[in-house]
Each structure stands twice: as C-alpha cells, then as structure tokens.
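I opened my notebook for a look through this one. Here is what I looked up, in the order I went.

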Amino acid sequence: VQLVESGGGLVQPGGSLRLSCAASASIFNIPTMGWYRQAPGKQRELVATITSGGSLRYVDSVKGRFTISRDNAENTMYLQMNSLKPEDTAVYYCNARSIVFNQWGQGTQVTVSS
C-alpha cells in the first residue's frame, strides 16, 4: 500500500490544520495506522495511532489538541490538529503497519509561526 500525505502548511500559533493520509489500497484490515513527526535535529516521534478496532493512542504533548481518525470507506486517515504551538513544527509522516509490512508516506511539512 502506498501512502500520500497532504494538508500541511504554515499556520499561526493557536490555529488549526487537518492532515490527510490517502492510501492506494483498502485500509480496512490494516491493524495499526499512525502519525509520526520529525522536527529538525530531532528523532522521529510518535504522535498518534489508531487500530482497526478503533483504539486510540496519543503522545502526551498533543492530548486534548489533536484527533486521529480513519475512514475505511475512503481509505484515508486524518489528523485534526487544533491549538497548534510552535513546538508542533515538524515534518509529519503517516504510517501503516502489520506483521508483514511497515509503510511510510513521504511526509508533509507543518510550520507553526507568527
């Protein structure tokens, strides 16, 4: 499955963005999908994950601000980001994994700055 992110951009602190991750094939049976980010000079970190059963997980720094979701009918995963902070600036990557694959998208830049 190929993954393509979109929706990144430049936003002021306190603003919102919605990232999309479009898959080239059905995501219905993909056990875990998630969003990761990598800021300059830092390691890639987990932002949020969602399982095929709907279980959610968030890194503490985004809890209450970000919401992950998946639309199996549209083969798309989303990340709604509200109350953005400058420290959220990073390249955001979507991920899909199972016991037989671990696929990444190309990334989309999110910059939070006034």
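Before listing any pairs, I fixed my term: a polar contact is a pair of N or O atoms within 3.5 Å, where within protein one atom must be able to donate a hydrogen and the other to accept it. I also noted that this is a predicted model.

Entry one, Arg37. I looked up which side chains make polar contacts with Arg37. The side chain of Asp88 does, at 3.0 Å. The side chain of Tyr92 does as well, at 2.9 Å.

Then I asked where Arg37 sits and whether it is buried or exposed. I found Arg37 in strand 4, which covers residues 32-38. Its relative accessible area is 5%, and since buried means under 20%, I wrote Arg37 down as buried.

Next I pulled the contact list for Arg37, leaving out residues up to four places away in sequence. Among the residues it touches are Gln43, Arg44, Glu45, Ser61 and Phe66. Asp88 and Tyr92, my two polar partners, are on that list too.

Entry two, the sheet. I looked up how 4 strands are arranged and got an open sheet in the order 1-3-8-7, with antiparallel pairing. Strand 1 (3-6) and strand 7 (66-71) are at the edges; each has a single partner strand, so one side of each has no neighbour in the sheet. From one strand to the next, I read an average twist of 15 degrees.

Last, I checked the pairing of strand 1 with strand 3 (residues 17-23): it is antiparallel and runs over 4 bridges. Ser6 stands opposite Ser20 in strand 3.

Conventions: Residues numbered from 1 in each chain as written. Predicted model: local features only at pLDDT ≥ 70, side-chain atom pairs only at ≥ 80, totals over all residues. Heavy atoms only, no water. Buried < 20%, exposed > 50% of the residue type's maximum accessible area, 1.4 Å probe, protein only. Contact = heavy atoms within 4.5 Å. Pairing = 2+ DSSP bridges. Axes fitted to C-alpha atoms, helices over the stretch in contact; angles between N-to-C directions.
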